[in-house]
Every structure is written in C-alpha cells, then in structure tokens.
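User: I have a model open and want to go through its helices and its sheet. Can you take my questions as they come?

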Amino acid sequence: MIVVDRPEMIVVGHAVRTSNAEEAEPGRGRLGALWARAGAPGAFAHVPGRVDENIYAVLTDYESDHHGSYTQIVGVAVRTAAALPEGMVAVRVPGVQTLKLEARGPMPGALLEAWQQLWKHTESGGTPPRAFTTDLEVHHPAGVDVYVAVFPSMG
C-alpha cells in the first residue's frame with residue numbers, strides 16, 4: 001500500500017446501497033446485479049463526455065466504517081455530468097490523499113484480497129487511518145487499482 005494523491009473526477013453510473021454483511025449473505029447482496037448491469041454490452045455507450053474506457057466503482061456515503069452501509073456507484077468517468085442518462089446518477093469523487101492497492105490476477109478474487117488487506121489495515125489501527133468518505137476502484141485491462149481516502153498526514 002502506498003499513499004498517493006487522487007485527482008478529482010466525476011463518475012456517472014448506476015447506484016445501490018448495501019453493506020459488506022449483506023453482500024456476504026447469499027441472496028441478499030446487490031453488487032452482483034449492479035456489476036452485471038454495468039458489464040452488459042453497451043451499458044455506458046449513451047453516456048456523453050466519457051474520459052476513457054475504464055469502469056469505475058465509487059464507494060461513498062459510509063454509514064460508519066467497513067461494517068456499516070455504503071453506496072456504490074458503478075459507471076464511467078466523464079468530463080461533465082450535464083446530461084444524465086435516465087436511471088443514472090453522477091457523483092463527484094474529490095481529489096484527496098489515498099492509500100493505493102493494485103489488484104492483479106483472476107477477478108473477483110484478487111479484488112477481494114485487496115479489500116481484505118484494507119480491512120486488516122483498518123482493524124489494526126494502521127497508518128494513515130481511513131477516512132471513510134469516498135473510495136474508488138478503477139477497473140482497467142491490467143486489473144483493478146483501489147484508492148481509499150485517508151486522513152492527511154500531519155507532516
């Protein structure tokens with residue numbers, strides 16, 4: 001894990017509210033359907049102003065920490081969210097200091113492993129501490145880069 005500055009961006013996509021506990025319980029999770037929708041051919045073809053071909057997952061509106069509910073938006077980065085396609089939302093991902101992990105290898109296993117590392121970091125009181133504000137996954141051909149917001153270091 002390294003600390004990097006994440007630039008601000010806007011992501012347009014579909015959103016669900018869930019929790020890690022719900023996702024772990026068979027039949028209760030909402031992320032599978034969200035990702036199936038995002039993975040459908042042409043799912044984001046009608047989103048104007050797309051920045052690149054990557055898929056972005058924004059985790060935000062945390063109720064508390066990784067045990068509470070949160071909102072996940074899966075979509076694409078855009079230059080501006082002037083015209084939203086029906087049923088989609090826009091979220092501003094603030095530019096902040098983040099912990100960056102690279103998930104490489106078979107998915108979704110490699111991604112889950114990266115999140116488990118982050119949860120251990122949080123549980124152990126690792127430095128810098130997570131902010132639980134807005135986190136980001138960037139899904140690209142080589143794998144997934146995970147950026148979790150942290151409290152800025154005082155140094």
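User: Which residues of helix 2 are buried?
Analyst: This is a predicted model. In helix 2, which runs over residues 31-39, the buried residues are Leu31, Leu34 and Ala38.

User: Why are they on the same side of helix 2?
Analyst: They cover an arc of only 60° around the axis, which puts them on the same side of helix 2. In general, an α-helix has 3.6 residues a turn, so residues three or four places apart point the same way.

User: And which exposed residues does the face turned away carry?
Analyst: That face of helix 2 has Gly32, Ala33, Ala36 and Gly39, which are exposed.

User: What do the buried residues of helix 2 pack against?
Analyst: They pack against strand 2 (9-19), helix 1 (20-24) and strand 4 (69-78).

User: Switching to the sheet. How many strands, and in what order?
Analyst: Eight strands form an open sheet in the order 1-6-8-7-3-4-2-5, and the pairing is antiparallel. Strand 1 (2-6) and strand 5 (89-93) are the edge strands, each pairing on one side only. On average, neighbouring strands are turned by 35° against each other, direction ignored.

User: Which strands does helix 2 touch when it packs on the sheet?
Analyst: Helix 2 touches strand 2, strand 3 (55-60), strand 4 and strand 7 (134-140), and its direction makes about 5° with that of strand 4.

User: What about helix 3?
Analyst: Helix 3 (residues 109-123) also packs on the sheet, touching strand 3, strand 6, strand 7 and strand 8 (143-149). Its direction makes about 135° with that of strand 6.

User: What does UniProt list for residues 1-151?
Analyst: The unreviewed UniProt entry lists "domain: AraC effector-binding" there. In the model that span is 19% helix and 39% strand, with its end C-alpha atoms 15 Å apart.

Conventions: Residues are numbered from 1 along each chain as its sequence is written. This is a predicted model: local features need pLDDT of at least 70, side-chain atom pairs count only at pLDDT 80 or more; totals for chains, interfaces and linings use all residues. Side-chain values use heavy atoms; hydrogens and water are left out. UniProt positions are given in the numbering used here, feature names are shortened, and annotations may be inferred rather than shown by experiment. Helices (H or I, at least four residues) and strands (E, at least two) are DSSP runs, numbered from the N terminus. Buried means under 20% relative accessible area, exposed over 50%, partly exposed in between (1.4 Å probe, protein chains only). The arc is that of the directions from the helix axis to the C-beta atoms. Contact means heavy atoms within 4.5 Å. Two strands pair if DSSP finds at least two bridges between them. Axes are lines fitted to C-alpha atoms, for helices over the stretch in contact, and angles run from 0 to 180 degrees between N-to-C directions.
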